Amino acid sequence: MNVAAVIVAAGRSERMGGPDKLDIRYDGKTVLEHVLAIFAEHIEISEIILVVSSDRIATVDDQLNLNELRKLKPITVTEGGKTRHQSVKNGITRLSETVEYILIQDAARPFTTDNLISRTIQAAVQYRAAVGGVAVHDTIKIVDSEGFVTLTPDRAMLRAVGTPQVFEAKLLKTAIDAYKGTGAYDDCELIEALGHRVKIIEGEDDNIKITTKKDIHIYMNENLRVGHGYDAHRLVSGDSLILGGVEIPYEKTLLGHSDADVAVHAIIDSLLGAAALGDIGRRFPDSDMQYAGISSIYLLQQTVQLLTENGYLVKNIDCTIICEKPKLSKYIDMMRVNIADAVGIEVEQVSVKATTEEGMGYTGTSEGIASHAVAMVARLTKRR
């Protein structure tokens, strides 16, 4: 029996409100790497089609180390469409002609088990179309456009379904070609539109789809770590300076190899310190001309990417800027927005404060500006 898996990974993670959910790391691998490994190692899967967004096509082989996984199974990468339906259709066109059954899998379901895969395949062989479903424990209400209840269905008859969904190849191809709707909720709906019945087998409660940050907190353990950062730069003659990614008019500027943004530099060091990944001088040395005059916000984005690659999520940042002048109160909110955008977190997770040293020291005499930052990061592991 020839069963192919089409893994749909072309979504935009819009409901995550941050980094792409497929790039979230836990237990040493990304969500997408976990999913690929599940199917590459499954004995009943003969080949894999990975459907990705256009911006992943050029880098997906290296990012996922596909050459290693291809030692286990043939893996073909193809570009998705604007809708899930189109992405599945694109994936199916790349399948071998000998494929008898097609398994469709959401790439954001990294907890799918071998047992569920095998049981769904077995049911599809018997019924031509099958999916796992779990009982719905809440009472479900059907409402009208004004929010009034029109029906309360019997919850004993309701099942919540996800993927894998497995179909006889000829049946699914026929259903895809025949479907005239604008967008199906899942692939079973295409089969239902043909008038063919779909078999629901017992699903698994833990086979969740990672959709929002809440899902991470429910199904992952967070190993928390804290880092501290400090930076200082000399003030010299100029007409503006940059703090927290905001250009502030002033009679002096900060002297440095990059844009000398002491606030962001301290934040970068706090993040690197929390993850034990060195410091800003090691990662972005002032001896390297590629960093001459570079935006510190850009360096912050690169730092967050490094943390992501090493399995860390940023939880919150607290930064204190120490200077006598210029006055910073009206720029603080803009700094918070810039930092939050660069890190991929909510503004509420970023604190920026400013204080003086009452005329004492080099900051008090306006010879320079300093900044301290504290960051908390989390490394994810699956809850056992």
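1. Let me start with the facing pair in the hairpin: Ile242 stands opposite Glu247, which belongs to S14. The strands S13 and S14 run antiparallel and are joined by 4 bridges. Between them lie 2 residues, and Gly244 in that turn has a positive phi of about 60°. Please keep in mind as you look that this is a predicted model.

2. The same hairpin leads us to the nonpolar interior. The largest nonpolar core has 50 residues, and those touching the most other members are Leu243, Leu271, Leu300, Leu307, Ile321, Met335 and Ile369. Elements that give two or more residues to this core include strands S13 (240–243) and S14 (246–249), as well as helices H9 (262–274), H11 (296–309) and H12 (332–343). Strands S16 (312–322), S17 (350–355) and S18 (368–382) are also among these contributors. Helix H9 supplies the largest share, 9 residues. Apart from this core lies another one, of 43 residues, with Val31, Phe39, Ala123 and Ala124 among them.

3. Thr303 is worth a click while you are in this region. You will find Thr303 in helix H11. Is this residue, Thr303, buried or exposed? With a relative accessible area of 1%, Thr303 is buried, because the cut-off for that label is under 20%. Beyond its neighbours within four places in sequence, Thr303 is in contact with Ile268, Leu271, Leu272 and Phe284. Leu271 is also one of the residues that touch the most other members of the largest nonpolar core.

4. Phe284 brings us to the aromatic rings. The count of aromatic pairs comes to 2. In the pair of Phe284 and Tyr291, the ring centres are 5.5 Å apart and the planes stand at 85°, so the arrangement is edge-to-face. Both partners can be checked for exposure too: Phe284 is buried at 15% relative accessible area, and Tyr291 counts as buried at 14%.

5. Now for the sheet. Which order do the strands of the open sheet of 7 take? The order is S5-S4-S1-S6-S10-S7-S11, and the pairing is mixed. Strand S5 (75–79) and strand S11 (199–202) are the edge strands, each pairing on one side only. From one strand to the next, the twist averages 25°.

6. Two helices pack on this sheet. Helix H1 (residues 31–40) touches strand S1 (3–9), strand S4 (45–52) and strand S6 (101–106), and its direction makes about 155° with that of S4. Helix H6 (residues 169–178) touches S6, S7 and S10, with its direction at about 110° to that of S10.

7. Within the sheet, strand S7 (residues 129–135) pairs with strand S10 (residues 159–168) in the antiparallel sense, over 6 bridges. Ala129 lies in S7 and stands opposite Phe167 in S10. Ala129 is buried, with a relative accessible area of 0%. Setting aside neighbours within four places in sequence, the residues in contact with Ala129 are Ala124, Val166, Phe167, Leu171, Ile191, Arg197, Val198 and Lys199. Ala124 in that list is also one of the residues in the core of 43 residues.

8. One last distance ties the two regions of this note together. How far apart are the C-alpha atoms of Ala129 and Leu243? They are separated by 59 Å, with the two residues 114 apart along the chain.

Terms used. Residues are numbered from 1 along each chain as its sequence is written. This is a predicted model: local features need pLDDT of at least 70, side-chain atom pairs count only at pLDDT 80 or more; totals for chains, interfaces and linings use all residues. Side-chain values use heavy atoms; hydrogens and water are left out. A nonpolar core is a set of buried Ala, Val, Leu, Ile, Met, Phe, Trp, Tyr and Cys residues joined through side-chain atoms within 4.5 Å. Buried means under 20% relative accessible area, exposed over 50%, partly exposed in between (1.4 Å probe, protein chains only). Rings of Phe, Tyr and Trp (its six-membered ring) pair if their centres lie within 6.5 Å; planes under 30 degrees apart count as stacked, over 60 as edge-to-face and the rest as tilted. Two strands pair if DSSP finds at least two bridges between them. Axes are lines fitted to C-alpha atoms, for helices over the stretch in contact, and angles run from 0 to 180 degrees between N-to-C directions. Contact means heavy atoms within 4.5 Å.
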